[in-house]
Protein chains: 2
Amino acid sequence: MKAKINEPPNDAQVRDRFDAWAQAVRAKDVEGVMANYAAEALLFDLAPPLQYQGAEACRRNWAEWFQTFKGPVGYEISKLQITASDTLAFCHSLNHIYGARTDGEETDVWVRATIGLRKLNGKWLITHEHYSVPFYMEPPYRASLDLKP
Amino acid sequence: MKAKINEPPNDAQVRDRFDAWAQAVRAKDVEGVMANYAAEALLFDLAPPLQYQGAEACRRNWAEWFQTFKGPVGYEISKLQITASDTLAFCHSLNHIYGARTDGEETDVWVRATIGLRKLNGKWLITHEHYSVPFYMEPPYRASLDLKP
């Protein structure tokens, strides 16, 4: 992502938060990732269950996911749109995830991301995340893992 | 959904907006549904493509989807959580969709919903929607259509 010229201060702060978050994801740095979450964070992730409730559940989920990558995680946030007030923000983007997995597979997928944040004690923190791919509407209802923006 | 006692005014207004929206969905009332959207609305839906850009694309999508139901659409919003300021809000919920389809199938599925809204000229309007189910992480990567909250 590139910083935008003359971006409103709240938008710029949220964009910085995403930069820090994505850098930690690429480095498989669980603590660095979790520094961006509020305690009450609720996650709708790519894999079941329907939801993960609370930062601890998110932490376990990130740690397990990082272990499925052989080396660094390829992670790029694209088409990020930020809607922010002084106290909360929501954002959506298309995120590119790629890299070699420990099971021998090569991941290369685009996912939709919607993130909600609150400014708590002067710091923007993620309270909600929603990641997904759509699925094909005929049996066997496969996830649409081959779509590109 | 039930109104909450002593709910903050913005939260109550957003909840009312969802009530009106869901009532229009159940009635397959395209205009009633679309009255809740901003012109720039961007949708991440259950089916491909990755995104629908603009209210007109959302309108066509709703109209086509409504036609796949024999009778009324079963639609209930559950576990709605609202985070609102004076100018914007984001919300997440688990939504139950059910009913007889024109292809003979009986739909009964729970989906995750994340919605972003802005208060524009005194009225809350949806600018972003994200609907999804997770998918099972082994081939053939089926959508997880059997999950319940």
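In this predicted model, helix 1 of chain B touches helix 3 of chain B through a small set of named residues. Helix 1 of chain B contributes Trp21(B), Ala24(B) and Val25(B). Helix 3 of chain B answers with Trp62(B), Trp65(B) and Phe66(B). By class, this contact holds 6 nonpolar residues, no polar residues and no charged residues. Two packed helices are described by the angle between their axes and the distance between the axes. For helix 1 and helix 3 (residues 55-66) of chain B, the angle is about 45° and the axes are 11 Å apart. The two helices of chain B are therefore oblique to each other, because an angle that is not under 35 degrees, not over 145 and not within 65 to 115 counts as oblique.

Chain A has a contact between its own helix 1 and helix 3. Here Trp21(A), Ala24(A) and Val25(A) lie on the helix 1 side. Trp62(A), Trp65(A) and Phe66(A) lie on the helix 3 side. The residues of this contact divide into 6 nonpolar, no polar and no charged. Helix 1 and helix 3 (residues 55-66) of chain A pack at about 45°, and their axes are 11 Å apart. That angle makes helix 1 of chain A oblique to helix 3 of chain A.

The search for cavities covered the whole structure and found 2 of 30 Å³ or more. The largest cavity has a volume of about 40 Å³. Its lining comes from chain B: Phe18(B), Trp21(B), Ile77(B), Ser93(B), Asn95(B), Ala113(B), Ile115(B), Glu129(B) and Tyr131(B). Trp21(B) thus appears both in this lining and in the helix contact of chain B. Four elements of chain B each supply at least two lining residues: helix 1 (9-26), strand 4 (88-100), strand 5 (106-120) and strand 6 (123-132). By class, the lining has 6 nonpolar residues, 2 polar residues and 1 charged residue.

The second largest cavity has a volume of about 30 Å³. It is lined by residues of chain A, namely Phe18(A), Trp21(A), Ile77(A), Ser93(A), Asn95(A), Ala113(A), Ile115(A) and Tyr131(A). Two or more of the lining residues come from each of helix 1 (9-26), strand 4 (88-100) and strand 5 (106-120) of chain A. This lining divides into 6 nonpolar, 2 polar and no charged residues. Trp21(A) belongs to this lining and also to the helix contact of chain A.

The two chains meet in a contact that takes 46 residues from chain A and 46 residues from chain B. The area buried between them is about 3,600 Å². Carbon and sulfur atoms give 73% of that area. On the chain A side, Leu50(A), Phe90(A) and Arg112(A) supply 20% of the area that chain A buries against chain B. No other three residues supply more.

Some backbone details complete the description. A cis peptide bond joins Pro139(A) and Pro140(A), with omega at about 5°. Pro140(A) is placed in the segment after strand 6 (123-132) of chain A. Tyr141(A) lies in the segment after strand 6 of chain A as well. Phi of Tyr141(A) is near 55°, a positive value in a residue other than glycine. In chain B, the peptide bond from Pro48(B) to Pro49(B) is cis, and omega is near 5°. Pro49(B) sits in the loop between strand 1 (37-44) and strand 2 (52-53) of chain B.

Note on methods:
Residues numbered from 1 in each chain as written. Chains lettered and ligands numbered in written order. Predicted model: local features only at pLDDT ≥ 70, side-chain atom pairs only at ≥ 80, totals over all residues. Heavy atoms only, no water. 1 Å grid on protein atoms, 1.4 Å probe; cavity = no way out; pocket = protein on both sides within 12 Å on 5 of 7 lines; lining within 4 Å. Points joined across faces, edges and corners; volume = space filled by probe spheres on them. Nonpolar A, V, L, I, M, F, W, Y, C, P; charged D, E, K, R; others polar. Axes fitted to C-alpha atoms, helices over the stretch in contact; angles between N-to-C directions. Contact = heavy atoms within 4.5 Å. Buried area = accessible area lost by both parts, 1.4 Å probe.
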